[in-house]
Amino acid sequence: AVVGKTIQEVVRITRLQEVFERTLIGGEKVEGDFVVEGNGNGEPRQMHAIGSGLQNADGDRIGALVVLHDVTRIRRLDR
């Protein structure tokens with residue numbers, strides 16, 4: 001259902017959109033934190049995103065990979 005859509009149409013979290021866009025434009029490692037509101041019980045989740053550009057064997061940029069980590073529990077322990 002997401003094929004052919006822009007990142008803004010698929011992802012509604014501005015900070016996550018920024019991570020995707022910076023990863024696609026720069027191709028280098030990008031990191032960012034953001035909050036996702038509610039998870040069924042209304043509890044916000046703290047997320048950490050790490051993005052990296054993808055290249056083919058010829059070195060041409062072909063996309064990006066962004067991995068999301070739920071760091072809610074870690075942030076609570078830090079406090």
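**Sheet.** I looked up the sheet first and found an open one of 3 strands, in the order S1-S2-S3, with antiparallel pairing (strands pair if DSSP finds at least two bridges between them; strands are DSSP runs of E, at least two residues, and helices runs of H or I, at least four residues, numbered from the N terminus). The edge strands are S1 (30–36) and S3, each pairing on one side only. From one strand to the next, the twist averages 25°.

The model is predicted: local features need pLDDT of at least 70 and side-chain atom pairs count only at pLDDT 80 or more, while totals for chains, interfaces and linings use all residues. Residues are numbered from 1 along each chain as its sequence is written, and side-chain values use heavy atoms, with hydrogens and water left out.

**S1 and S2.** I found 7 bridges in the antiparallel pairing of S1 with S2 (residues 45–55). I checked Val35 and noted Gln46 in S2 as its bridge partner.

**Helix H2.** I then looked at helix H2 (residues 14–26), which packs on the sheet and touches S1, S2 and S3 (contact means heavy atoms within 4.5 Å). The direction of H2 makes about 145° with that of S3 (axes are lines fitted to C-alpha atoms, for helices over the stretch in contact, and angles run from 0 to 180 degrees between N-to-C directions).

**Val66.** I located Val66 in strand S3 (residues 61–70). Val66 counts as buried because its relative accessibility is 17% (buried is under 20% relative accessible area, exposed over 50%, partly exposed in between, with a 1.4 Å probe and protein chains only). Leaving out residues up to four places away in sequence, I listed Leu16, Val19, Phe20, Thr23, Ala49, Ile50 and Gly51 as touching Val66. I also noted 8.7 Å between the C-alpha atoms of Val66 and Gly53, which are 13 residues apart along the chain.
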